[in-house]
Amino acid sequence: MTETNHQQASGGREPPVSRESPVSREPPVSREPPVSAAPASPQNSAGKGRFWRSLDELRETPEFLDYLRHEFPSQADELTDPAGRRQFLKLMAASIGLAGATGCLRQPEEKIVPYVRQPEDAVPGNPLMFATAMTLGGYATGVLVESHLGRPTKIEGNPQHPASLGATDAFTQASILSLYDPDRSQTVMKGGRISTWGEFLTALAAELPDIRGGKGRGLTILTETVTSPTLADQLRALLRELPEAKWRQYEPAGRDTVRAGAKRAFGEYVDTIYHFDQADVVLALDADFLACMPGSVRYAREFIDRRRVGRAFQPVGSTGNAGSPHHNQAGNRGETSQAGKPDLRMNRLFAVESTPGLTGAAADHRLALPASQLENFAKLVAAELKVPEANGSTPAMADVPAPWLKALVSDLQEHRGSSLVIAGDGQPAIVHALAHAMNRTLGNVGATVEYVEPVAAEPIDQLASLRELVDGMRQDNVEWLVVLGGNPVYNAPGELEFAKHYEQVRLRVHLSETFDETSFISHWHIPAAHYLEAWGDARAFDGTATVQQPLIAPLYGGRTAHDLLAALAGHPERTPFELIQAYWKTRLGKDDFDRSWRKAVHDGVVPDTRSPAREVSWSFVGGQAEPRDELPAADRLELMFCPDPTVWDGRFANNGWLQELPKPLTKLTWDNAALVSPGTAEKLELANFDVVELSLEGRTVRAPVWIVPGHADHSLTLSLGYGRSRAGRIGDGAGVNAYSLRPARSEWFAGGVELKKTGEKYPLSVTQHHYSMEARELVQVGTLAEFNANPNFLDHGKSHHPEQLTTLYPKYEESENAWGMVIDQTACVGCNACVVACQAENNIPIVGKEQVGIGREMQWLRIDRYYRGPIDAPEAYFQPVACMHCENAPCELVCPVGATVHSHEGLNQMVYNRCVGTRYCSNNCPYKVRRFNFLNYDADLSYDGEQAPVLKLLRNPDVTVRSRGVMEKCTYCVQRINEAKIDAQKQNRPVRDGEVVTACQGACPTQAIVFGNIRDPKSQVARLKDSKQSPLNYSLLAELNTLPRTSYLARLRNPHPDLEGPADDDTPPVEPTEIDRFKREHAFKREHS
Amino acid sequence: MSPSPHDESVQSAERERQAAERLAAERQGVGGALPVIEPGHTYASVTDQVSAIVLSRKTSRGWVLGFALSFTLLMAFLYATCYLFARGIGIWGTTIPVGWAFPIVNFVWWIGIGHAGTLISAVLLLLHQEWRTSINRFAEAMTLFAVSCAGMFPLLHLGRPWVFHWLFPYPNTMDLWPNFRSPLVWDVFAVMTYFTVSTLFWYAGLIPDLATLRDRTRSRLAKIAYGMLALGWRGSAAHWHRYETAYLLMAGLATPLVVSVHSIVGMDFAAGIVPGWHTTIFSPYFVAGAIFSGFAMVMTLAIPLRTVYGLQDFVTMRHLDNMAKVILATGSMMFYGYLSDVFYAYYSGNEYERYVIINRALGQYAWSYWALIACNIITPQVFWFPSMRRSVPVLFVVSLIVNVGMWLERFVIVVISLHRDFLPSSWHMYYPTRWDFTHLLGSFGLFFTLLFLFIRVLPMISIFELRALVHEKEGEG
């Protein structure tokens, strides 16, 4: 194992260790069933003082032998067969011979088998961490994967990777389940019949002369966005060899508009990297940079790092600034510090968006506009900013309040060089170009905005590329089509009718992880290896490359794009490992390659691969590049297609964790829905669950309606990724297919959608029905100005002072450790990464749509979402809620069998073995964080448990799998606490601050969750809980005197002083509409139950 | 010889008519108080009439039909229970946050019904309320059966019912005791004790009658069975002396239990911090409610029984009238309870408590709250009118309504309180499934199956106490 640079892994666990390669030098262990494990039979030792059980046995009567044969069949055979021992030896010899015979074959060197000779580091019970990277839309996020004796079980972020910084998003967390997905394709298929890779190679070999003869004419390779340097290298080499062959690309949630925008602004493709850590004022133009954008995990961290005012606070007169690295860095308005008052600063975010997203929820000022209006809005702002390119185009926009615009413009202008305008992937090129122009005018280029060489290997207009492919197929110019990943039959825009034309291709080969829609109508389907199963490489949003190393041998013999391209190039014997090493040998240099390779694999980052900065020349092209419909007329609607917050473009449709993950704002699970604003719903007389028929240019889909406060009026959103027909047992039939409606346009929205009510209803499962806080102070909110004026502005009058209350019960024993958690609601962006991380770490089952519908979801950690303010433009707040580990836990008191008890370190523990399932604890829990196994969820769901034994490999061996009838809940990741305590004990020292990292904390991109020992006054969590140092700290429902160990930091907003209206309490509550809505909903439910 | 059923019905019709005449006379201020036993009965006639139901009366078609129906329901209950054990309690609509629902509602309701028996037997015995005599036997039986029904539900509603014994404090290898701080453990003790004492009390009360049956039956098998159950009762003075003492002592023992059981069931809720549960009035309020529903159930059963079996002489209008008064009185206590709920929610200033009341009255389940008010508060008000108290159909209908109302009351307390508590994010509706209803109806099957068997094989009215009553009346006369 390499000795280089062991980094501190997330979770204070084993440092990541690169897997030595090739790992296996041994043939696999013979799996011959033991012919007979019986010891020498009684016969052989008869009469030599042996033990006997009865006189019959001693005499070996026929009755006894008969009995024995029935009782112990294998022994009986040995007993009655006089040549038993000989037979045994014969079989043994044969099996050894066979083992030897297989041993003579050369094993593929990168094959991974269970350890035969145990490596030094592999201690059973101690997981190892390996660095690799997961890609989404081609862009890599570096991860560290926890491996238990060869089983990857949990994914953490790689702190060294620029796109991760130690955190992940929800997709990355859930990707481990996709590895073990029992519905993954398990074999090569030829025309729907089981085949082999060898047969495929034979068939390909028969075609190769034709392909080569025509220099590749008629051969098309369709990929998704490729950032893998090796794959790109292979493709280019193949195209050099076969110059007539075509390489097409299509990514369903692609970045065509971003590329086109760069081209319009600079005349060439460049990638933009944003530096939110330098930005004081951010304008997001339908850009959900906190959720779905390459690099969003990093962007979220950098953005939130400039808002951590609550944590940066230092009481007046205190010295030392250890806890506030952002104190001096943040700067917004130039308030002068007054004596005795803190002067803290935050960045300010203006967000304009159509569909409510995480960025809008985090924004200080949010404006809802239909997606098509963003262009005009951008022009308006650009004109106000005196951007030269916007001259002459100042459209009047009635929907944009003048003070809003004025405040935005003045803020941007006051922060030249520290402001940032960012356009969303779904916006047309012109908006991106205008954003570039605004950044240029504001002097942000080089400060908050950086232009670099494109990360994608071949940046092209993918939609045009796909269109050309379809044209080619239509004209029968495509004879061979090799689809490397992707699922175009499902996710190509409906307008192109890809499936129809695809079937005209003579030979269709599809590589994919599941036997999906495209596989179904392909001649050959090749199962693809999961990224944790195969060697590969990929680049992050900033170009940093990672060598992906496998953690486990392909479960189902999956292949990679590298294999397929090598076969096409006539070298099927070249393995991905060889190819990747060969490529990186050219990059890392042959000198000392072994060492630099190992370091790169170990670190998960190849040094010096960040895309070089690019000096761009300004060559702005105005006007509209693509003809688009006029802005929607009053009676017509606009439809937004966005990647789904939980299943993305459909590739995660069969991932149960993601399907059951409540979408951040709608809290919908297992379905997508046509999202509409309350105003539009009222106008069109739509209610939740109504099924509507949406038609666009003759294509129609039927979708249920879901009303979302804060959605833009005259606009609908239908997320992509649903309506799969061949996703697997989880994904099939969930939701509606938005692709079938999608026009072949690069932006993600389309006007002119007709909506027709069908009068039908469709049940949707949501996890949170209630939007309002009912005037209860659950999420405490304040503004920066209030905080600066008086840090103790929050009314804590309701909270008790625990020490003063008398109690009948004795105090808990003081212990060395007292675990506690603080959740910073200013930092929480509601991205859901923690929820999936918790599910992965704690073996939490999924329960299915119906069970979620009746309120039985099992996630230990949920993110409550509340709205405040008017229903058409509410502020959204996220509040992650898991077990509070109350010191006066109401659940413990009422359990009749003592199945939930308090540990001396303050953990509220659940003893699954003792639980009889009265559910009194859940009733008495004011936070409702307890989850009950109403059914045997593992076995009852056809997807899970006994029917899919492969899922057992996924289990975290450190956490019990719960059975039916048992209550469960957040444990503060007690297994991680114990691991850290054992380590500390071995070294005879206390557990260090930061050594225990809970799963949710580790996954959080914004470090909103802080965990540790509150008994240690120097720990971060203790400082955040100290009311003097952290005046924003409060306990949820403190008035109940439950003394929760998890507390919250109040949300701080930084509104523009000119825009903050009167106190929010005067605004009408969301409730009345809600009540009507739910009356309808429940009337419906009653009808259908 | 016992009269034929035909004669009996003629006789009963005749008596009914006489009673009506007396009632009319009373209204005109002519008559006195209603009698607890119709005049003209002798020791023999009392014994004849009551024991004949068991011994010589043919098994009527109505009985067979009723039993068949009850037994079918019982089988449905068993089927549902098997399915429940096979699948888990997820077959019910119970969910989070409504962790308790129909099963607990049914439990509390049946326990409440199980109150009247012991109250009538023990408390009224101690208070020398002679009118208890004709109704105490089947009221006690009803108690036992209701408590049996009730006892099923806490077991069935466990997530892992096969380890229900962990709720008992028994010495075990794990060296673990139940958590004595939990009201559910108190509940186990209270219900078990109540069931045991009620059974003994009922059985003790049966002994002289079992001996009577033993002596009168002509079936050898029955003679043996009744004989064994009668424990060699010969009716000697010594027997009577000891019997009376023991019965009185047991009555003394049973009396506090009447109060304790439902107090503790009330504490199941009151000890929780759920708004809508966490109130000190729950114990007395639950006891009043239990007596209320118990008397309603006695009335529901007594009215058909006395009609079908011609027992109008023994279960007279006086009994029904008294029971109606008890219902009115306890119903008024319930009203006080509801009022105090509202008042304390207002007076406490606690936003959660206030919300509970508003949600009860105006929320998703408001129908159940208003139905409960209509059933429990408004309907019993008719009993202010003596004429209503003496109209058999009115009594019967009101008693049914009160039973429904009391079930709704538990539904309101359990479900409405839970479905919206502290954090609005967790608020969720509860919808019962068909299995919830199967278990509810099936528990009626259990109850009525036992009841039908009881009225077929045991004297439903205490013969010896009736004889004592005849003696006293004669003495008075």
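Biologist: How many disulfides does a search of the whole structure find over all chains?

Modeller: The search finds 0 disulfides over all chains. Please note that this is a predicted model.

Biologist: Why is Cys895(A) said to be in no disulfide?

Modeller: The nearest cysteine sulfur, that of Cys921(A), is 6.3 Å away. A disulfide requires two cysteine sulfur atoms within 2.5 Å. The sulfur of Cys921(A) is therefore too far from that of Cys895(A) for a bond.

Biologist: What makes Cys895(A) and Cys921(A) count as buried?

Modeller: Buried means under 20% relative accessible area. Cys895(A) has 8% and Cys921(A) has 7%, so each satisfies the cut-off.

Biologist: Let us turn to charged pairs. Why is the pair Arg729(A) and Asp183(A) called a salt bridge?

Modeller: Side chains of opposite charge can pair when their charged atoms come close. The cut-off between nitrogen and oxygen is 4 Å, and the closest N and O atoms of Arg729(A) and Asp183(A) are 2.7 Å apart. The pair therefore qualifies as a salt bridge.

Biologist: What does this pair tie together?

Modeller: Arg729(A) lies in the loop between strand 24 and strand 25 of chain A, and Asp183(A) in the loop between helix 5 and strand 4, so the pair ties together parts that are 546 residues apart in sequence.

Biologist: Why is Arg729(A) called partly exposed, and is Asp183(A) buried or exposed?

Modeller: Partly exposed lies between 20% and 50%; Arg729(A), at 40% relative accessibility, therefore counts as partly exposed. Asp183(A) is at 16%, so this residue counts as buried.

Biologist: What separates Lys379(A) and Glu375(A) in helix 12 of chain A?

Modeller: They are separated by about one helical turn, because they are 4 residues apart in that helix. They form a salt bridge, with the closest N and O atoms 3.1 Å apart, and both residues are buried.

Biologist: How do you know that Asp421(B) and Lys928(A) meet in a salt bridge?

Modeller: Their N to O distance is 2.7 Å, and the cut-off is 4 Å; the pair therefore meets the definition. The count between chain A and chain B is 1 salt bridge, whereas the whole structure has 56 over all chains.

Biologist: What else describes the contact between chain A and chain B?

Modeller: The contact takes 63 residues from chain A and 59 residues from chain B. Together the two chains bury about 5,000 Å², 54% of it on carbon and sulfur atoms. There are also 35 residue pairs in polar contact between them, with both residues at pLDDT 80 or more.

How values were computed:
Residues are numbered from 1 along each chain as its sequence is written. Chains are lettered from A and ligands numbered from 1 in the order in which they are written. This is a predicted model: local features need pLDDT of at least 70, side-chain atom pairs count only at pLDDT 80 or more; totals for chains, interfaces and linings use all residues. Side-chain values use heavy atoms; hydrogens and water are left out. Contact means heavy atoms within 4.5 Å. Buried area is the accessible area (1.4 Å probe) that two parts lose on being put together, summed over both. A salt bridge is a side-chain nitrogen of Lys or Arg within 4 Å of a carboxyl oxygen of Asp or Glu. A polar contact is a pair of N or O atoms within 3.5 Å; within protein, one must be able to donate a hydrogen and the other to accept it, and residues adjacent in sequence count only if both atoms are side-chain atoms. Buried means under 20% relative accessible area, exposed over 50%, partly exposed in between (1.4 Å probe, protein chains only). Helices (H or I, at least four residues) and strands (E, at least two) are DSSP runs, numbered from the N terminus.
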